[in-house]
Each structure stands twice: as structure tokens, then as C-alpha cells.
Amino acid sequence: MKAAEIRELSADDLQAKLKDARAELFNLRFQMATGQLDNTARVKQVKKDIARLLTEIRARELSA
């Protein structure tokens, strides 16, 4: 997910995407622990997406 796409989302959408990303990260970690994860790079991508979402949420809090 690109930063420009994140800026276009509403506050509710940001929270929903954050919840989904955290759930996906949990599942990826679970798969990694059990040895079922094929694409280990996906963990890094999801972590970065979570960071981008949190950054945008915080920026909106500060500007309000």
C-alpha cells in the first residue's frame, strides 16, 4: 500500500485497514513459526504498511 493511497482514506477506513494488517501480521507470524510461510518478505511489507497507517493516523491527530 502506497502512502498516497493511505492519505486518501477516511479515518474509519484507516482504522479498518490497520486492524486487517495487524491480523495479517499475526497470521504470517503464526505461519512462520509452524514452517508454512513461503513468502517471508511479506512480513516486512505488512510491518511497513502498519507503520504507514499509524503515521498517517498520528499526523491527522496532530493537525486536528
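**Entry 1. Surface and extent**

I began with the surface: the chain exposes about 4,900 Å², of which carbon and sulfur atoms supply 51%. Accessible areas here follow the Shrake-Rupley method with a 1.4 Å probe, and for residues only the protein chains shown count as cover. I note that the model is predicted, that local features need pLDDT of at least 70 and side-chain atom pairs pLDDT 80 or more, and that totals for chains, interfaces and linings use all residues. Residues are numbered from 1 along each chain as its sequence is written, and side-chain values use heavy atoms, with hydrogens and water left out.

I then took the box along the principal axes: the C-alpha atoms fill roughly 45 × 15 × 15 Å. Of the 64 residues, 23% count as buried; buried means under 20% relative accessible area, exposed means over 50%, and partly exposed lies in between (1.4 Å probe, protein chains only).

**Entry 2. Secondary structure**

I found three helices and zero strands, in the order α-α-α from the N terminus. Both kinds of element are DSSP runs numbered from the N terminus, helices being H or I with at least four residues and strands being E with at least two.

I looked up contacts next, a contact being heavy atoms within 4.5 Å. Among contacts between residues at least 6 apart in sequence, 64% join residues at least 24 apart.

**Entry 3. Helix H2**

I recorded helix H2 as residues 11-34, a run of 24 residues. Its first and last C-alpha atoms are 35 Å apart, close to the 34 Å expected at 1.5 Å a residue; the expected span is 1.5 Å times one less than the number of residues.

Which residues of H2 are buried? I listed Leu14, Leu18, Ala21, Leu25 and Leu28. Their cover includes helix H1 (3-7) and helix H3 (41-63). After H2 comes Gly35, and I noted its positive phi, near 80°.

**Entry 4. Helix H3**

I repeated the span check on H3: its 23 residues should cover 33 Å at 1.5 Å a residue, and the end C-alpha atoms are 33 Å apart, which agrees. In H3, I found Val43, Val46, Asp49, Ile50, Leu53, Glu56 and Ile57 buried. The buried residues of H3 pack against H1 and H2.

**Entry 5. Charges and salt bridges**

I compared the mean positions of the 13 positive and 10 negative charges, and they are 7 Å apart. Lys and Arg count as positive, Asp and Glu as negative, while His and the chain ends are not counted. Each charge is placed at NZ of Lys, CZ of Arg, CG of Asp or CD of Glu.

How many salt bridges does a search of the whole structure find? I obtained four, a salt bridge being a side-chain nitrogen of Lys or Arg within 4 Å of a carboxyl oxygen of Asp or Glu. Side chains of opposite charge can pair when their charged atoms come close. I examined three pairs in detail.

- Arg42 and Glu24 meet at 2.8 Å, N to O. Arg42 lies in helix H3 and Glu24 in helix H2, so the pair ties together parts that are 18 residues apart in sequence. Arg42 is partly exposed at 27% relative accessibility, and Glu24 is partly exposed at 29%.
- Glu56 and Arg60 meet at 3.0 Å, N to O. The two are four residues apart in helix H3, separated by about one helical turn. Glu56 counts as buried at 16% relative accessibility, whereas Arg60 counts as partly exposed at 25%.
- Arg58 and Glu61 meet at 3.2 Å, N to O. These residues are three apart in helix H3, again about one helical turn. Arg58 is partly exposed at 46%, as is Glu61 at 48%.

For the pairs within a helix I recalled the geometry: an α-helix has 3.6 residues a turn, so residues three or four places apart point the same way.

**Entry 6. Surroundings of two bridge residues**

What does Glu24 contact, leaving aside neighbours within four places in sequence? I found Arg42 and Val46. The C-alpha atoms of Glu24 and Lys47 are separated by 9.8 Å, with their positions 23 residues apart along the chain.

For Arg60, not counting residues up to four places away, I listed contacts with Ile6, Arg7, Leu9, Ser10, Ala11 and Leu14. Arg60 and Asp12 are 48 residues apart in sequence and 12 Å apart in space, C-alpha to C-alpha.
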